[in-house]
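Subject: Structure for your files

Hello,

Here is the structure I said I would pass on. Please open it alongside this message.

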Amino acid sequence: MDAGISPGQSPAPQDFAQIFRLIGGYRISQALRVAVELGIPDHLAAGPRHCDDLATTTGSHAPTLYRLLRFLAGAGLLDETSPKQFALTPLGSTLRADIPASICPVVRLWLSESHWQSWSHLLHSVQTGQHAFDHAHGTGVFDYLREDAELSAIFNATMTTSSARLANALLKHYDFHGIGRIVDIGGGHGFTLTTILADHPTMQGVLFDLPDVVAGASLEAIGGTNRCEIIGGSFFETVPADADAYILKQIIHDWDDDQSLAILRNVRVQCQDMLGFC
């Protein structure tokens, strides 16, 4: 880490260059979003294509699209292999929608209008301690998702792709042997639970999330009706009983301390009942 600047010392030219890159980071973020929304990475999956061809395919203005593609090339996502001919780089390939653990849903969620607007209210959060999303939209993020089916689908896809990136590491570093019945709390559409059950053929599983979320889950995809149960409910009220283990992956960080404690207390109640102590 660089030492602190001395009194009276001026920033070096490279410091100004770096701060300008940081200030302009939003431009790369928005360029990524446009590329994903137009499906540019998918259109380039089979190999290089000419800008004019991509413009026709995506219904875009060719000269402006060319500027976008060159910008993305400068960011390392594309390679202009010949004049106006572009190919994906390995970095850009992470944005393809058809690969395992694609980052595509994350781009669509994090850079959606609703999330983008909430970040513009960061100053309000810092000054008041209140949630920027609530301030920007007049409601919490999960209530907002219930009213926006398209964004909710993107959110669920983001959770699934996140689980896909973590699943193998989870199996590698945690020993699930000896667990007969496991509950995945806030488990979305069940990717994590599916991965665990597939690695432990005698284990039973319970997928628990809000009713409108688990409505999109498939018993057959998770483990079959003889191995898994899907339950809709709120972890602020209760969680399923009679389990040997409970998973909360990427759950607690979404809530403040009091709400997090409420979730954990509900889990503790079921653990106490299972173990027979107060």
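Below are notes on two sheets, a cavity and one annotated region. Please keep in mind that this is a predicted model.

The annotated region

UniProt, in an unreviewed entry, places the feature "domain: O-methyltransferase dimerisation" at residues 21-95. Over that stretch the chain is 61% helix and 15% strand. The C-alpha atoms at its two ends are 22 Å apart.

The three-stranded sheet

One open sheet has 3 strands in the order β1-β3-β2, and the pairing is antiparallel. Its edge strands are β1 (49-50) and β2 (78-82), each of which pairs on one side only. Strand β3 (residues 85-88) pairs with β2 in the antiparallel sense, over 4 bridges. Two of the residue positions can be checked by eye: Leu78 has Leu88 in β3 as its bridge partner, and Asp79 stands opposite Ala87 in β3.

β2 and β3 form a hairpin, with 2 residues between the strands. In the turn, Lys84 has a positive phi of about 65°. Helix α5 (residues 62-74) lies across β2 and β3 and runs at about 115° to β2.

The cavity

How many cavities of 30 Å³ or more are there? The count comes to 1. The largest cavity holds about 60 Å³ of space. Its lining is made up of Leu32, Ala35, Ile40, Pro41, Leu72, Leu77, Leu78, Leu88, Gly92 and Leu95. The elements that give two or more residues to this lining are α2 (25-38) and α3 (40-43). By class, the lining has 9 nonpolar residues, 1 polar residue and no charged residues. Leu78 and Leu88, both among the lining residues, are the bridge partners mentioned above for the hairpin strands.

The four-stranded sheet

Another open sheet has 4 strands in the order β6-β5-β4-β7, here with parallel pairing. The edge strands are β6 (228-232) and β7 (245-247), and each of them pairs on one side only. From one strand to the next, the twist averages 20°.

Strand β5 (residues 204-209) runs parallel to β6 and is joined to β6 by 5 bridges. Within that pair, Val206 has Glu229 in β6 as its bridge partner. Helix α13 (residues 191-199) lies across β4 (181-185), β5, β6 and β7. The angle between α13 and β5 is about 175°.

In short, there is an antiparallel sheet of 3 strands, a parallel sheet of 4 strands, and a largest cavity with no charged residues in its lining.

Regards

Notes
Residues are numbered from 1 along each chain as its sequence is written. This is a predicted model: local features need pLDDT of at least 70, side-chain atom pairs count only at pLDDT 80 or more; totals for chains, interfaces and linings use all residues. Side-chain values use heavy atoms; hydrogens and water are left out. Two strands pair if DSSP finds at least two bridges between them. Contact means heavy atoms within 4.5 Å. Axes are lines fitted to C-alpha atoms, for helices over the stretch in contact, and angles run from 0 to 180 degrees between N-to-C directions. On a 1 Å grid over the protein atoms alone, a cavity is a set of points where a 1.4 Å probe fits but cannot get out, and a pocket is an open set with protein on both sides within 12 Å along at least five of seven lines; lining residues have an atom within 4 Å of a point. Grid points are joined across faces, edges and corners, and a volume is the space filled by probe spheres set on the points. Ala, Val, Leu, Ile, Met, Phe, Trp, Tyr, Cys and Pro count as nonpolar, Asp, Glu, Lys and Arg as charged, and the others, Gly among them, as polar. UniProt positions are given in the numbering used here, feature names are shortened, and annotations may be inferred rather than shown by experiment.
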